Amino acid sequence: MHHLAYQTYINNIQTGWLPSNTFAPDFLTQGFRQFFMPMSYFAGNLLIQTCQILLVSGLLAIVASGFFGVTLHFVIGFTDMLVLMVAIFVCWSKLQTKMTWDQLYLLPIYSSLKAIKQAYHVSAVKLAFCLALFQLLVLLACSFFSTFETVAFYLVIFTGSIAGFVLCVALGSMIKSALTLSLCCMFVVILHSAFKSYLLNHEQSATTLYLLLGYVVIATSLLVYSNKKFD
């Protein structure tokens with residue numbers, strides 16, 4: 001009885017006390033896990049559940065924009081927080097889980113430990129792209145009820161969300177302390193929001209393009225560095 005209670009506690013710690021059921025058909029969850037393997041190996045159901053929250057919240061944002069007059073800028077900030085929330089939960093779950101790189105290496109999937117780590121960060125980039133694309137579609141749907149912005153405006157949102165997600169994952173790969181990770185992610189959320197807000201207010205400026213490119217380069221460089229030096 002005590003052993004079962006301890007195991008339940010450990011499982012809840014690893015999943016952020018979310019329910020173990022994903023409330024989705026098995027063929028969808030299996031396909032999702034395979035597509036984002038090996039990230040899904042560490043995050044487990046938490047990855048699916050946070051993506052489900054993002055999906056439902058995005059649809060509710062469209063409804064709120066169409067029927068209750070919620071502004072586009074509010075939806076941008078709201079969906080930005082959700083995208084970064086998924087990244088933070090993924091990093092936190094990987095830090096808390098009992099799964100290790102060595103256990104994954106025993107599976108006949110990858111040829112080396114280096115290949116596993118590379119695949120993990122590739123899956124992070126894929127997830128970032130998918131989440132940013134969903135955010136973009138939500139914002140386009142919300143814009144339908146008001147006015148459409150410039151192409152540069154949506155490009156900043158899409159690219160900035162990918163860079164912010166990748167930056168969180170890179171920090172999560174380098175940091176081993178839950179407290180340090182929490183503090184770093186908090187600063188990333190604040191700085192990301194402020195930086196992206198500045199870019200959106202100056203989307204027609206050439207400086208915005210250079211700053212956005214620099215943001216992408218920094219996030220990508222940290223991800224590559226974490227792939228070689230950490231984990």
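## Start with Leu127

Let's begin with one residue. Leaving aside residues up to four places away in sequence, Leu127 touches Phe36, Met39, Leu47, Cys51, Val86 and Phe165. Keep in mind that this is a predicted model.

Leu127 is also part of a bigger group. The largest nonpolar core has 56 residues, and Leu127 is listed with Leu47, Val86, Leu131 and Phe165 as those with the most contacts inside that core. Helices H3 (39–43), H4 (45–68), H5 (72–96), H7 (113–144), H8 (151–174), H9 (178–201) and H10 (206–229) each give two or more residues to the core. H8 hands over the largest share, 15 residues.

## The whole chain

So what is the chain built from? The secondary structure comes to 10 helices and 0 strands, and reading along the sequence gives α-α-α-α-α-α-α-α-α-α.

How much of the protein chain is buried? Of its 231 residues, 42% count as buried. Now look at contacts with a separation of 6 or more: residues 24 or more positions apart account for 80% of them.

## Out on the surface

The protein chain exposes about 12,300 Å², with carbon and sulfur atoms supplying 72% of that area. One spot to look for is a nonpolar surface patch of about 710 Å², made by Phe129, Leu133, Leu137, Leu140, Phe144, Phe145 and Phe148.

Take Leu140 from that patch. You'll find Leu140 in helix H7. Is Leu140 buried, partly exposed or exposed? Leu140 counts as partly exposed because its relative accessibility is 31%, and the partly exposed class lies between under 20% (buried) and over 50% (exposed).

Methods: Residues numbered from 1 in each chain as written. Predicted model: local features only at pLDDT ≥ 70, side-chain atom pairs only at ≥ 80, totals over all residues. Heavy atoms only, no water. Core = buried A, V, L, I, M, F, W, Y, C linked by side-chain atoms within 4.5 Å. Buried < 20%, exposed > 50% of the residue type's maximum accessible area, 1.4 Å probe, protein only. Helix = DSSP H or I, 4+ residues; strand = E, 2+ residues; numbered from the N terminus. Contact = heavy atoms within 4.5 Å. Patch = residues over 30% accessible without salt bridge, like charges linked within 9 Å, V, L, I, M, F, W, Y side chains within 5 Å. Areas by Shrake-Rupley, 256 points an atom, 1.4 Å probe, with all protein chains shown as cover. Salt bridge = Lys/Arg side-chain N within 4 Å of Asp/Glu carboxyl O.
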